[in-house]
Amino acid sequence: PAMGLVSDALPITCRRPLVGYTLVVLGTVLTMALGFGVWVHHMFATGLPLVASSFFSGASFIITIPSAIAVFAWIATIWTGRPVFTTAFHYFAGFIVMFVIGGVSGVMTASVPADLQLTDTYFIVAHLHYVLIGINLFGVLGALYFWFPKMSGRMMDETLGRIGFWVTFIGFNIAFFPMHLTGLMGMPRRVYTYPADAGWSEVNLISTLGSFLLAIGILLVLV
């Protein structure tokens, strides 16, 4: 849904038609269809048969093709257009950045040998949140700022909106990007405490500070 929202609204903020419209539509549909066949890459460590692991690993790699088509079309639309730097445009641009980061970290979970090392670590938590918040939430927030005047007849504050975007964007990345590192350092997910000498404390402190900054950004959106 977020891909569709961005593909519909981004061209208007860039004052030109969407580059590769037909390819983006096909890419969005293919991403949806292939998405039903990638979730098993979270199950590689359960002892799946080699054939099943190979199939779902392949599907997880192939989904990058239609997703990449959409990403390059969005970038080309911005590059060849005359973008108006509204709050909505900021969220759409942030969405594209998150889309790339979440997609690249997803490639690592698609690889069976890498996934066996990363599964159930904080690396997966980082990847999941870049997809769930970075991609979905940023796309929806951009659409909210874009369509709220049409839905309500009231304009939203652009200055406060842009401040809210930057606080949310910076807070999100400070909160979740370091989790890639804690995951690579071996921190398991679904734990509420850990040994003090594990070497994760400083990185987790940064993530905690980022989470408070993210919360302030969302509060600014609500205001």
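# Asking why about the helices

Student: Which residues of H4 are exposed on the side away from the buried ones?

Tutor: Ile65, Phe72 and Trp79 are exposed there. Exposed means over 50% relative accessible area, buried under 20%, and partly exposed in between (1.4 Å probe, protein chains only). Keep in mind that this is a predicted model, where local features need pLDDT of at least 70 and side-chain atom pairs count only at pLDDT 80 or more, while totals for chains, interfaces and linings use all residues. Residues are numbered from 1 along each chain as its sequence is written, and side-chain values use heavy atoms, leaving out hydrogens and water.

Student: And what makes the buried residues of H4 a single side?

Tutor: The buried ones are Pro66, Ser67, Ala70, Val71, Ala73, Trp74 and Thr77. They cover an arc of only 160° around the axis, so they sit on the same side of H4. That arc is taken over the directions from the helix axis to the C-beta atoms.

Student: How do you know the span of H4 is close to what's expected?

Tutor: H4 is residues 64–80, a DSSP run (helices are H or I with at least four residues, strands E with at least two, numbered from the N terminus). The expected span is 1.5 Å times one less than the number of residues. For the 17 residues of H4 that gives 24 Å, and its first and last C-alpha are 24 Å apart.

Student: Why are H1 and H4 called roughly parallel?

Tutor: Their axes, 9 Å apart, make an angle of about 15°. Axes are lines fitted to C-alpha atoms, for helices over the stretch in contact, and angles run from 0 to 180 degrees between N-to-C directions. Under 35 degrees counts as roughly parallel, over 145 as roughly antiparallel, 65 to 115 as roughly perpendicular, and the rest as oblique. H1 and H4 are therefore roughly parallel.

Student: What makes H8 and H9 roughly antiparallel?

Tutor: H8 (residues 158–184) and H9 (residues 201–222) pack at about 155°, with axes 7 Å apart. That angle makes H8 roughly antiparallel to H9.

Student: What is notable about phi of Arg190, and is Arg190 buried or exposed?

Tutor: Arg190 isn't a glycine, yet its phi is positive, about 60°. Most residues other than glycine have a negative phi. Arg190 lies in the loop between H8 and H9, and its relative accessible area of 69% makes it exposed.

Student: Why does Arg15 count as partly exposed?

Tutor: Its relative accessibility is 46%, so Arg15 is partly exposed. Arg15 is in the loop between H1 (2–14) and H2 (21–35), with a positive phi near 55°.
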